[in-house]
Amino acid sequence: TYSFVATNTTPKAPTNTTLNTNLTNVNITEDAFSGVGDMSSLSCTPAQGSTLASGATMTCTATYVVQQA
């Protein structure tokens with residue numbers, strides 16, 4: 001199992017301000033896999049295309065069964 005994590009590292013603003021920076025439509029794409037066979041589709045929490053508030057993360061996982069070349 002492989003995990004891919006995206007984190008919105010913008011600092012959280014004080015609660016009485018509106019300076020938070022949300023990342024919208026966050027998607028993770030794995031396009032460099034070069035193994036024999038196929039890696040599964042990514043399964044993400046929260047779902048692909050979600051908005052990440054300051055400090056929030058999106059974790060995607062995929063599986064791959066090692067095969068002899």
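Biologist: At its relative accessibility of 1%, does Asn8 count as buried or exposed?
Modeller: In this predicted model, Asn8 has its place in the loop between strand S1 (2-7) and S2. The cut-off for burial is a relative accessible area under 20%, and because Asn8 stands at 1%, it counts as buried.

Biologist: Which residue has its backbone oxygen 3.0 Å from a polar atom of the side chain of Asn8?
Modeller: Leaving aside neighbours within four places in sequence, Asn8 is in contact with Thr21, Asn22, Leu23, Leu52, Ala53, Ser54, Gly55 and Ala56. From that list, the residue whose backbone oxygen lies 3.0 Å from a polar atom of the Asn8 side chain is Leu52.

Biologist: Which residues make up the largest nonpolar core?
Modeller: In soluble globular proteins, nonpolar side chains tend to be buried together. Here the largest nonpolar core has seven residues, and Leu52 is one of them. Val26, another member, touches Ala6, Gln48, Gly49, Ser50, Leu52 and Met58, when residues up to four places away in sequence are not counted. The full set is Ala6, Val26, Ile28, Cys44, Leu52, Met58 and Cys60.

Biologist: Is Asn25 buried or exposed?
Modeller: Asn25 lies in strand S2, which covers residues 23-26, and has a positive phi of about 55 degrees although it is not a glycine. Most residues other than glycine have a negative phi. The cut-off for exposure is a relative accessible area over 50%, and because Asn25 has 54%, this residue is exposed.

Biologist: Which residue follows Thr45 across a cis peptide bond?
Modeller: Most peptide bonds are trans. The bond that leads on from Thr45, however, is cis, with omega near -10 degrees. The residue that follows has its place in the loop between strand S3 (43-45) and strand S4 (50-52), and that residue is Pro46.

Biologist: How many strands does the chain have?
Modeller: Read from the N terminus on, the elements of the chain run β-β-β-β-β. There are zero helices, and the number of strands is five.

Biologist: What percentage of the 69 residues in the chain is buried?
Modeller: The accessible surface of the chain comes to about 4900 Å², and 50% of it belongs to carbon and sulfur atoms. With burial taken as under 20% relative accessible area, the buried residues make up, of the 69 in the chain, 20%.

Biologist: Of the contacts in the chain with a separation of 6 or more, what percentage comes from residues 24 or more positions apart?
Modeller: The count is restricted to contacts in the chain whose separation is 6 or more. Within that set, the portion accounted for by residues 24 or more positions apart is 59%.

Conventions. Residues numbered from 1 in each chain as written. Predicted model: local features only at pLDDT ≥ 70, side-chain atom pairs only at ≥ 80, totals over all residues. Heavy atoms only, no water. Core = buried A, V, L, I, M, F, W, Y, C linked by side-chain atoms within 4.5 Å. Buried < 20%, exposed > 50% of the residue type's maximum accessible area, 1.4 Å probe, protein only. Contact = heavy atoms within 4.5 Å. Helix = DSSP H or I, 4+ residues; strand = E, 2+ residues; numbered from the N terminus. Polar contact = N/O pair within 3.5 Å; in protein donor to acceptor, adjacent residues only side chain to side chain. Areas by Shrake-Rupley, 256 points an atom, 1.4 Å probe, with all protein chains shown as cover.
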